[in-house]
Amino acid sequence: ALPISRLAARWSDLIVANSSAGRDWHVAQGYPSSRTILIPNGIDLAMFRPDGKRRAAQRRAWGITPEVRLIGLVGRLDPMKDHATFLRAAALALAESPPLRFVCVGDGPRALRERLEAEAAALGLAECLSWHPAQADPGAIYNALDLLVSSSRFGEGFSNVLGEGMACGLRCVATDVGDARAVIGDTGVIVPPGDPAGLARGMLSLLGAGPDLPGPRARIAANYSVERMVERTESALTRCVESRR
């Protein structure tokens with residue numbers, strides 16, 4: 001399909017990528033650089049927002065008491081998400097701060113789930129880590145967490161999970177994959193992929209961060225809201241039409 005779409009791109013007036021990583025990849029594949037622009041995804045701030053009631057309800061459903069610090073990874077079970085590095089980082093963080101709990105939310109192959117569960121048990125995480133399928137209300141999941149982690153090793157563009165979690169007020173630790181650095185900015189921590197020790201240090205540093213750290217929801221509202229996406233899209237289409245007159 002790629003050769004066909006690359007050929008069709010020659011006659012396109014405008015090509016939109018939703019991440020810098022995606023734009024760079026397509027340009028490297030032969031898509032016209034001058035007509036391939038970036039318009040990031042938009043996050044619905046009404047749907048994804050801090051919500052104490054949803055936080056309390058979800059934590060009760062998971063058996064998490066109010067005082068427990070809960071760290072989560074939200075994403076399908078897939079090698080690109082690198083749950084194994086998250087598990088090793090969780091074990092390192094737990095050794096430094098024993099009250100921590102962890103949760104992985106997402107669907108995937110049974111065989112991979114079983115391998116990851118076995119690895120978690122070998123790391124001593126069986127009693128403080130739970131696994132849950134994807135849910136119809138992801139906002140409740142984000143609100144239940146105290147920290148969101150993305151340990152992806154490759155393949156990311158614009159991470160909706162990071163944007164949605166930040167809109168719910170979550171601070172994030174993410175690997176430097178795709179557009180994670182641009183999305184998080186100075187509100188969280190970026191670490192190299194495949195680095196459990198770095199990921200663990202990032203978790204602990206954010207859990208201990210003071211209130212002076214810039215707010216993640218404010219960053220999403222200013223840069224990645226649905227309204228900003230619509231503004232950018234309208235502007236790009238207007239410029240495209242005017243250039244054809």
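Is C104 buried or exposed? In this predicted model, C104 has a relative accessibility of 2% and therefore counts as buried, the cut-off for that class being under 20%. C128 is likewise assigned to the buried class, at a relative accessible area of 8%. Neither residue takes part in a disulfide: for C104 the nearest cysteine sulfur is that of C128, at 11 Å, and for C128 the nearest is that of C104. A disulfide requires two cysteine sulfur atoms within 2.5 Å, so a separation of 11 Å does not qualify. Over the structure, the number of disulfides is zero.

Aromatic contacts were examined next. The search of the whole structure returned three aromatic pairs. One of them joins F86 and F102 in an edge-to-face arrangement, with 6.2 Å from centre to centre and 80° between the planes. The angle is classed as edge-to-face because it is over 60 degrees. F86 belongs to helix α4 (residues 83–96) and F102 to strand β4 (residues 101–105), so the pair ties together parts that are 16 residues apart in sequence. Both partners are withdrawn from the surface by the criterion used: F86 is buried at a relative accessible area of 0%, and F102 is buried at 1%.

The surroundings of strand β6 were then considered. This strand covers residues 147–150. L147 and V149 point one way from β6, L148 and S150 point the other way, and all are buried. In a regular strand the side chains alternate between the two faces of the sheet. The orientations of L147, L148, V149 and S150 in β6 follow this alternation, and the residues on either side are buried.

Strand β6 pairs with two other strands, β3 and β7. With strand β3 (residues 70–74), the pairing is in the parallel sense and extends over two bridges. Within this pairing, L148 of β6 stands opposite G72. With strand β7 (residues 172–175), β6 also pairs in the parallel sense, here over three bridges. The bridge partner of S150 in β7 is A174. L148 and S150, which have these partners in β3 and β7, point the same way from β6.

The connection between β6 and β7 involves helix α7, which comprises residues 160–167. Together, β6, α7 and β7 make a β-α-β unit, and its hand is right-handed. Strand β6 thus takes part in this unit and in the parallel pairing with β3.

Definitions and conventions: Residues are numbered from 1 along each chain as its sequence is written. This is a predicted model: local features need pLDDT of at least 70, side-chain atom pairs count only at pLDDT 80 or more; totals for chains, interfaces and linings use all residues. Side-chain values use heavy atoms; hydrogens and water are left out. Buried means under 20% relative accessible area, exposed over 50%, partly exposed in between (1.4 Å probe, protein chains only). Helices (H or I, at least four residues) and strands (E, at least two) are DSSP runs, numbered from the N terminus. Two strands pair if DSSP finds at least two bridges between them. A crossover is right-handed if, with the strands pointing away from the viewer, the path from the first strand over the helix to the second runs clockwise. Rings of Phe, Tyr and Trp (its six-membered ring) pair if their centres lie within 6.5 Å; planes under 30 degrees apart count as stacked, over 60 as edge-to-face and the rest as tilted.
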